[in-house]
Amino acid sequence: MISLSLYAESKYLVSERDVKVSDLPLGLEVQFSVGEMISEYYGGDFVYSPREDIDVVVMKGRRRIIAFEVKMGEITTSEAREAVKRMSKVAEKVGLISLREKPPEIGDVSIGPKELIEISKKLGKT
């Protein structure tokens, strides 16, 4: 949350304006924060892959060990299938992350808010 608050202040000067949180493009910052945490959890390096439209890729050396689609909202079954199909072309494993609710069990890993909290606790981030 501190990272998001500092980002909003530095980018949009929220303390000096009447800005609603919903007006801020925080999705990318959330995606990067989650990506960094997930990469640490999997013992790899975080890479963002805009060319392939993949939110998070965890790499160990040159190996793309796992790729994730990250959403602040829910992930529908059709979105999940499409994301898994796209990501499976570039990584050994694929996963889905939703900050709202646990995504459909499609792909190798499904992470919702409860799982993110557990991962955060294991990493000593809470």
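Select strand 2 (54-60): six of its seven residues are buried, so this strand is largely enclosed by the rest of the structure. Here, buried means under 20% relative accessible area, exposed means over 50%, and partly exposed lies in between (1.4 Å probe, protein chains only). Strands (E, at least two residues) and helices (H or I, at least four) are DSSP runs numbered from the N terminus. The model is a predicted one, in which local features need pLDDT of at least 70 and side-chain atom pairs count only at pLDDT 80 or more, while totals for chains, interfaces and linings use all residues. Residues are numbered from 1 along each chain as its sequence is written, and side-chain values use heavy atoms, with hydrogens and water left out.

Next, add strand 1 (45-49). Strand 1 and strand 2 pair in the antiparallel sense over four bridges; two strands pair if DSSP finds at least two bridges between them. Which residue of strand 2 is the bridge partner of D45? The partner is M59. The two strands form a hairpin with four residues between them. In that loop, select D53, whose phi is near 55 degrees, a positive value in a residue other than glycine. D53 is partly exposed, with a relative accessible area of 48%.

Move on to strand 3 (residues 63-71), which runs antiparallel to strand 2 and is joined to it by five bridges. One bridge pairs K60 with R63. This second hairpin has two residues between its strands, and G61 in the turn has a positive phi of about 65 degrees.

Now display the whole sheet. Five strands form an open, mixed sheet in the order 1-2-3-4-5. Its edge strands are strand 1 and strand 5, each pairing on one side only.

Finally, select V34, I38, F68, I97, I111 and L116. Within the largest nonpolar core, which has 15 residues, these touch the most other members. A nonpolar core is a set of buried Ala, Val, Leu, Ile, Met, Phe, Trp, Tyr and Cys residues joined through side-chain atoms within 4.5 Å. Helix 2 (27-41), strand 2, strand 3, strand 5 (109-111) and helix 4 (113-122) each give two or more residues to this core. Another core, of 13 residues, lies apart from it and includes M59, A67, A83 and L96. To end the tour, centre on V34: leaving aside residues up to four places away in sequence, V34 touches V70, I97, L99 and L116, where contact means heavy atoms within 4.5 Å.
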